[in-house]
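Colleague: Got a minute to go through this model with me? I'd like to start with the contacts.

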Amino acid sequence: IQELLRVMRTIDDRIVHELNTTIPTASFVGKVDPGLTCKELYESLMNAHTSRERIIKNCISQTSAVVKTLKEEREKADEDAALLKQLRKEQTKLKLMQSELNVEEVVNDRSWKVLSHLTVVVFCPNRQS
């Protein structure tokens, strides 16, 4: 999942480049509609953020269910070393997914700050809308 998230975060990693190539300089203002290009970038970011958050939360939900099941099984079989090892592995995976959710929040905040800082307020929608 980390590799998938890395690939999906490409738009956030390249936000400054995207803005530099999307928002026209004064000499190109008449040739490109900055409002439309900014709106498209905004929508791309929103879609990317929503998709990644949905994937991470889905993984957290599935892993939580596995951890719950393993805990219930462990209560029935006290000394099963293999079961305990599997439980620890799944708990570690769950913590990793939860930390990915925190990373996602940081990545999203950074992208929105860059977008709002480098774009003309008139052409970009407010991210809360």
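Colleague: What share of the contacts between residues at least 6 apart in sequence join residues at least 24 apart?
Modeller: In this predicted model, that share is 76%, with a contact meaning heavy atoms within 4.5 Å.

Colleague: Which elements does the chain have?
Modeller: There are 5 helices and 0 strands, so the order from the N terminus reads α-α-α-α-α. Both kinds are DSSP runs numbered from the N terminus: helices are H or I with at least four residues, strands are E with at least two.

Colleague: And where is confidence lowest and highest?
Modeller: Helix H3 (residues 15-22) is lowest with a mean pLDDT of 71, and helix H5 (residues 81-118) is highest at 90. pLDDT is the predictor's confidence in each residue, from 0 to 100. Residues 120-125 fall below 50, and that stretch has 6 contacts beyond near neighbours in sequence.

Colleague: What about the chain average?
Modeller: The average is 81, and 78% of the residues score at least 70.

Colleague: Switching topic, what does UniProt list for residues 60-90?
Modeller: An unreviewed UniProt entry lists a "coiled-coil region" there; such annotations may be inferred rather than shown by experiment. In the model, residues 60-90 are 87% helix and 0% strand, with the end C-alpha atoms 11 Å apart.

Colleague: How much of the chain is buried?
Modeller: Buried residues, those under 20% relative accessible area with a 1.4 Å probe and protein chains only, are 31% of the 129.

Colleague: Any ground rules?
Modeller: Residues are numbered from 1 along each chain as its sequence is written. Local features need pLDDT of at least 70, side-chain atom pairs count only at pLDDT 80 or more, totals for chains, interfaces and linings use all residues, and side-chain values use heavy atoms, leaving out hydrogens and water.

Methods. Buried means under 20% relative accessible area, exposed over 50%, partly exposed in between (1.4 Å probe, protein chains only).
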